[in-house]
Amino acid sequence: MSSSRILILGAGFGGVSAALTLDRVAKRHPEIEVVLIDEHDFHQVNADLYEVGTAFFREHIDQAERFRILKQKTVCIPIARILHGKRVHFLKDTVTGTDANTRVVELKDHGRVAFDALIIALGSEANDFGIPGIREYGFTFKTIDDALNLRAHIQNQLAWAKTCAVNERDCHLRFLIGGGGFTGVELAPEIHRLLRHLAPLYDIDPSQIEIRIIEAGPDILLGIDPSVTRIAHSRLKKLGIHVALNTKITEERLKEVRTLQGEEANTLVSQTLIWTAGVRPASVLSRSHGLTLDKGGRVVVDSSLSARADGRVFAIGDNAVVEGVGKIAASAYGAIEQGKIAAHNAFAKLTDGKVRHFHVSPTIFVVPMGGKWAVAKVGKFVFAGYFAWFMKRMIEFHYFVSILPFFEACRRFFVESRIVTQND
Ligand SMILES: Cc1cc2nc3c(=O)[nH]c(=O)nc-3n(C[C@H](O)[C@H](O)[C@H](O)COP(=O)(O)OP(=O)(O)OC[C@H]3O[C@@H](n4cnc5c(N)ncnc54)[C@H](O)[C@@H]3O)c2cc1C
């Protein structure tokens, strides 16, 4: 029996979903080897990253210990735990290129690896749109290290504000968030919460602290139900978080951020700009051969998620744009669904099975906005408050159970919940 190999690039939401699906569907096909490749040996659950970036520990523990706990017990799940007992192999390496014509993937350490079918799920990275200074002085918010850096920086700003001259305080006590999308709108109330806990420890009056979301478009959470946006605005107002709409960030310097609202240029002194305004697909895609990319850099796929007529290369999640389907918001849920379909179709290609197609299904979304409070939309229904927050926790619990053994999922979920809700 001749053997064949399916490679999955990226162990995020889409990649893990594809790997676990292949483990099931290819169970009776030992001739099919499945290999999952990622540059990290953990799977990052992004939806709780803002909790890590703003985590507050009631117990007095030093920063190194705090960061070790946050890294190991919250959003990073070891891939070895997910794949324990499965027939999927894991390779820790960085993908440096793919060639769909010769069916080869290039890896930084392991060199060239051949495939019979390929699933590309490398996710996205921050995009500063070339705005000067953001890369040098701004904070991106995509990875666990970004979240830990931000957490350390926020506390350092209070330490500086306590000791600096009065006229320099604004610079340390003004926290700017570039982008009023999901990430910005979730992060701002959590930062507010953290600062409320930290300020008394540094003898700082919380009323001196300013948090501001700067959004280039006409509204926050653009494209979402207007009633959700309305509720989000009133929540931000209640917390004292400023929102500047139709305002572009034009430049960041060491201690200031420049903006443009219409014709009006403004300079805000601040040492903190968290850039959540843009993402683009993993840049390695632009160095790949044999794929068609749209102008945003995503791989164009058909409804079977196949990127080529030969039906051997699939792209999913943040890496894919499905022809004939309008713009769909990047989401973990979408990546998971696409991971399942791509896995079935990769297996079908090697076994002459039936091809499945992707259909957009209505998504549920929940926007947590500080404390045990969120706004959610399920179908036509919009609701806000504790129940929406609880629903988010349940969605996450369901996800843990879908990728980990039941008792491990419960243990992890409860430990994580205890740690990340300490400032709620
Ligand atoms: C802060 C934040 C909060 C979010 N909150 C939500 C939410 O609440 N709900 C929701 O639905 N969506 C949320 N999202 C969006 C969601 O996380 C993404 O849409 C989803 O992760 C896309 O899945 P993916 O499989 O395409 O990519 P990812 O899950 O990003 O996985 C990509 C994987 O590829 C790996 N990788 C990248 N480049 C390389 C390389 N060159 N070599 C090897 N490995 C590589 C990465 O390490 C990663 O493991 C959030 C995103 C962020 C950043």
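**Group meeting: a walk through the model**

Okay, let's begin at the far end of the chain: strand E24, residues 374-378, pairs with strand E25, residues 381-385, in the antiparallel sense, and five bridges hold that pairing. Before I go on, keep in mind that this is a predicted model. Back to the pair: E24 and E25 make a hairpin, with two residues between them. One of the turn residues is glycine 379, and glycine 379 has a positive phi of about 60°. If you want a spot to click on, valine 378 stands opposite phenylalanine 381 in E25.

Now let's zoom out to the domains. The assignment gives two entries for this protein: domain 1, which is 4-39 + 93-125 + 280-361, and domain 2, which is 134-279. So you can picture the spacing, the C-alpha centres of domain 1 and domain 2 lie 36 Å apart.

And then there's the ligand. Which residues come closest to the ligand? They're Gly10, Gly12, Gly14, Gly123 and Gly317, out of 31 residues that surround the ligand. As for the elements that give two or more residues to that shell, you've got helix H1 (13-25), strand E2 (32-38) and helix H10 (332-351). By class, the shell has 15 nonpolar residues, twelve polar ones and four charged ones. Domain 1 and domain 2 each put at least three residues into the shell.

H1 and H10 also pack against each other, so let me stay with those two. Their axes come within 7 Å and cross at roughly 40°, and the crossing is right-handed. On the H1 side, the contact includes Phe13, Gly14 and Leu22. Over on H10, you'll find Ala332, Ile336, His344 and Phe347 among the contact residues. That contact divides into ten nonpolar residues, seven polar and one charged. Notice that Gly14 turns up twice here: Gly14 is one of the residues closest to the ligand, and Gly14 is also part of the contact with H10.

There's a second helix pair to look at. At what angle do helix H3 and helix H6 cross? Roughly 145°, with the axes coming within 11 Å; H3 is residues 63-75 and H6 is residues 144-163. H3 passes H6 in a right-handed crossing. The residues that touch are Gln63, Phe67, Leu70, Lys71 and Val75 from H3, plus Ile144, Leu148 and Ala152 from H6. By class, this contact has six nonpolar residues, one polar and one charged.

Last stop, a couple of sheets. One open sheet has three strands in the order E6-E7-E8, paired antiparallel. The edges are strand E6 (95-99) and strand E8 (111-114), and each of them pairs on one side only. Ignoring direction, neighbouring strands in this sheet are turned by 20° against each other on average. Strand E7, residues 104-107, is joined to E8 by four bridges, and leucine 107 stands opposite glycine 111 in E8.

The other open sheet runs E15-E16-E17, again three strands with antiparallel pairing. Here the edge strands are strand E15 (247-252) and strand E17 (264-269), and the twist averages 30° from one strand to the next. E15 pairs with strand E16, residues 256-261, over five bridges. Within that pair, lysine 248 stands opposite leucine 260 in E16.

That's my tour, so over to you.

Definitions and conventions: Residues are numbered from 1 along each chain as its sequence is written. This is a predicted model: local features need pLDDT of at least 70, side-chain atom pairs count only at pLDDT 80 or more; totals for chains, interfaces and linings use all residues. A residue is near a molecule or strand if its C-beta atom, placed from the backbone, lies within 6 Å of it. Ala, Val, Leu, Ile, Met, Phe, Trp, Tyr, Cys and Pro count as nonpolar, Asp, Glu, Lys and Arg as charged, and the others, Gly among them, as polar. Domain bounds come from an automatic or database domain assignment. Axes are lines fitted to C-alpha atoms, for helices over the stretch in contact, and angles run from 0 to 180 degrees between N-to-C directions. A crossing is left-handed if the near helix is turned anticlockwise from the far one by less than a right angle, and right-handed if clockwise. Two residues are in contact if their C-beta atoms, placed from the backbone, lie within 7 Å. Two strands pair if DSSP finds at least two bridges between them.
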